[in-house]
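This report walks through a predicted model. It begins with the contact between two chains and then turns to pairs and single residues inside them.

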Amino acid sequence: MGIKTRTEPGHLLVVDDNKVNRLLLSRSLEQQGHSVETAENGRQALEMLRSRPFDLVLLDIQMPEIDGYEVLSQLTTDLHLRDIAVIMTSALDELDSVVKCIEMGAEDYLTKPVNPVLLRARIGASLEKKKLRDQQRELIRKFATAEVADDLETSGFSLGGKYVEATAMFSDIRSFTTIAESQSPAETIELLNTYYTLMFEAISGHGGIVNQMVGDGLMAIFGAPLPQEDHCEMAVRAALEMIEMIELFNYERETEGKLKIRIGIGIASGQVIAGYTGTLHRATYTCVGDTVNLAARLESHTKIVGEPILIDETTCLCLANNIHTLDQGLIQVKGKTREVRIYSVPVDQKS
Amino acid sequence: MADPCIDVATFENLRTMMGADYIGELIDAYFEEAPQLIGQIEQSLASGNAEVFRRAAHSLKSSSASFGALQFSARAKELEMIGKEGNLDGTFEKVANLKEDYNAVHAALEALRDGD
């Protein structure tokens with residue numbers, strides 16, 4: 001019998017208190033190209049799962065000592081084990097129990113005696129899904145900060161695009177071309193690196209993530225992918241800290257006889273569409289939508305108003321009383337039919 | 001050979017699936033385990049432990065069906081349901097019958113195994 005799987009083989013654990021069932025399942029799975037270990041009860045299964053990696057578990061429901069429900073419940077609440085796919089194996093007459101298991105987090109089910117064609121199809125689908133989840137985790141590791149990646153693992157993944165309430169921030173260096181022309185290319189790159197280091201620190205220190213860097217500009221998001229209750233205020237506080245850091249940096253530059261740099265920051269809050277975009281090898285967390293556009297417009301509007309930080313009304317309304325803002329009136333923004341009210345945040349306040 | 005104990009189509013399907021060499025190992029496992037389960041059914045009946053009774057009958061039902069011992073599996077299922085209800089009164093005869101039926105299943109499987 002040389003039935004091979006179309007999907008890549010996995011390392012599987014068969015858990016069943018019935019020896020005939022264990023032999024039957026493990027034989028069928030081995031014929032389909034997988035490597036298989038078996039456990040006689042839930043306790044043994046949990047020990048094995050905690051001691052070495054498995055891709056998938058075929059889990060019987062009714063077993064002495066620790067039954068399938070308990071194993072499933074321990075797997076789904078264990079940070080290190082919850083990505084292992086679980087397929088329940090059950091008798092035809094216990095489908096109500098299966099429903100309970102699916103609700104608890106099992107991926108799928110098979111009825112015993114197991115049909116090998118169904119077995120191959122279900123195992124293949126589950127392993128594919130697991131592979132995708134593993135790849136997504138890898139992507140997050142690559143593109144999110146360590147803290148965000150850890151937090152995401154703890155709070156669960158939300159990888160598909162969705163609407164979230166968040167605050168978008170754009171920042172860039174004023175008259176950057178003039179500065180670049182006044183110094184050597186090496187100095188310019190060094191300046192950018194210092195600038196990014198300072199900005200990243202202020203942003204991630206307030207729970208935000210930088211998701212775009214282009215030239216001397218960057219985009220950051222607060223409140224996504226991880227929900228953050230006070231994302232408006234955190235963004236504004238990050239902005240104040242960014243300005244403060246630039247001022248400290250300017251002291252340094254002044255003593256070296258270099259031009260001071262100035263930055264402009266635009267902040268807007270509201271609904272954004274967030275999700276991962278890109279290809280398999282290169283992806284990034286992206287936020288798009290009106291709110292994001294507005295933040296970008298406010299950033300460029302700082303040049304006109306001559307204030308370093310501009311925020312929209314939604315952000316302003318969320319701020320605590322101890323952050324001062326100044327009403328800068330209504331402006332017409334491209335893409336909006338109505339004028340929007342904007343506020344500046346004076347930088348001479350404690351951040 | 002048509003045996004009323006074993007559904008031959010199910011059995012032959014299993015043999016094809018598992019391979020002729022492996023089916024013997026599977027039958028050995030069944031011969032080892034089924035009497036243990038029947039023993040558990042008897043003991044739990046004697047001690048009035050409906051939960052152990054139910055689980056042993058459930059397990060016996062499951063593996064017996066794999067070999068095509070459909071009637072026997074149905075009897076085990078009947079006992080499982082009784083165990084689930086929780087009242088084991090009056091099941092002594094059913095358990096005795098189950099034991100007798102197993103002897104027939106055993107003989108039939110033995111014949112099928114040697115028949116290849």
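A salt bridge is a side-chain nitrogen of Lys or Arg within 4 Å of a carboxyl oxygen of Asp or Glu. A:Lys19 and B:Glu32 form such a pair, with their closest N and O atoms 2.9 Å apart. Helix H1 of chain A, residues 19–31, gives the most to the side of chain A that touches chain B, with 9 residues. By class, that side of chain A consists of 10 nonpolar, 6 polar and 6 charged residues.

## The contact between the chains

How many residues does each chain bring to the contact? Chain A supplies 22 residues and chain B supplies 27 residues. About 2,000 Å² is buried between chain A and chain B, and carbon and sulfur atoms give 54% of this area. On the side of chain A, the residues that lose the most area to chain B are A:Val20, A:Arg27 and A:Gln62, which together make up 28% of what that side buries. The rule finds 2 salt bridges across the interface of chain A and chain B. Across the interface of chain A and chain B there are also 10 residue pairs in polar contact, counting pairs with both residues at pLDDT 80 or more.

## Chain A as a whole

Chain A contains 11 helices and 13 strands. Of the 351 residues in chain A, 50% are buried. The area that chain A exposes is about 16,800 Å², and carbon and sulfur atoms supply 51% of it. Among contacts in chain A with a separation of 6 or more, 64% are between residues 24 or more positions apart.

## Salt bridges within the chains

Over all chains, the count of salt bridges comes to 27 by this rule. Three that lie within a single chain are set out here.

| Salt bridge | Closest N to O |
|---|---|
| A:Glu8 and A:Lys131 | 3.4 Å |
| A:Asp172 and A:Arg174 | 2.7 Å |
| B:Lys94 and B:Glu78 | 3.5 Å |

What does the salt bridge between A:Glu8 and A:Lys131 tie together? A:Glu8 lies in the segment before strand E1 (11–15) of chain A, while A:Lys131 lies in helix H5 (residues 116–143) of chain A, so the pair ties together parts that are 123 residues apart in sequence. A:Glu8 counts as exposed because its relative accessibility is 54%, and the cut-off for exposed is over 50%. A:Lys131 has a relative accessible area of 33% and is partly exposed.

In chain B, the salt bridge between B:Lys94 and B:Glu78 is 3.5 Å long between the closest N and O atoms. B:Lys94 is in helix H5 (residues 92–114) of chain B and B:Glu78 is in helix H4 (residues 70–85) of chain B, so this pair ties together parts that are 16 residues apart in sequence. B:Lys94, at 34% relative accessibility, counts as partly exposed. B:Glu78 is partly exposed too, with a relative accessible area of 38%. Salt bridges can also share partners: A:Asp16, A:Asp60 and A:Lys112 are joined in this way into one network.

## A:Asp172 and its surroundings

A:Asp172 is placed in strand E6 (residues 162–173) of chain A. Is A:Asp172 buried or exposed? Its relative accessible area is 17%, and buried means under 20%, so A:Asp172 is buried. Its salt-bridge partner A:Arg174, at 9% relative accessibility, also counts as buried. The side chains of A:Asp172 and A:Arg174 are joined by a polar contact of 2.7 Å as well. Leaving aside neighbours within four places in sequence, the residues in contact with A:Asp172 include A:Tyr195, A:Asp216, A:Arg262 and A:Glu299.

## A:Gln349 after strand E13

A:Gln349 lies in the segment after strand E13 (340–344) of chain A. With a relative accessible area of 11%, A:Gln349 is buried. Which residues does A:Gln349 touch, not counting residues up to four places away in sequence? They are A:Leu240, A:Asn322, A:Ile323 and A:His324. A:His324 is 25 residues from A:Gln349 along the chain, and the C-alpha atoms of the two are separated by 7.7 Å.

Methods:
Residues numbered from 1 in each chain as written. Chains lettered and ligands numbered in written order. Predicted model: local features only at pLDDT ≥ 70, side-chain atom pairs only at ≥ 80, totals over all residues. Heavy atoms only, no water. Helix = DSSP H or I, 4+ residues; strand = E, 2+ residues; numbered from the N terminus. Buried < 20%, exposed > 50% of the residue type's maximum accessible area, 1.4 Å probe, protein only. Contact = heavy atoms within 4.5 Å. Areas by Shrake-Rupley, 256 points an atom, 1.4 Å probe, with all protein chains shown as cover. Buried area = accessible area lost by both parts, 1.4 Å probe. Polar contact = N/O pair within 3.5 Å; in protein donor to acceptor, adjacent residues only side chain to side chain. Nonpolar A, V, L, I, M, F, W, Y, C, P; charged D, E, K, R; others polar.
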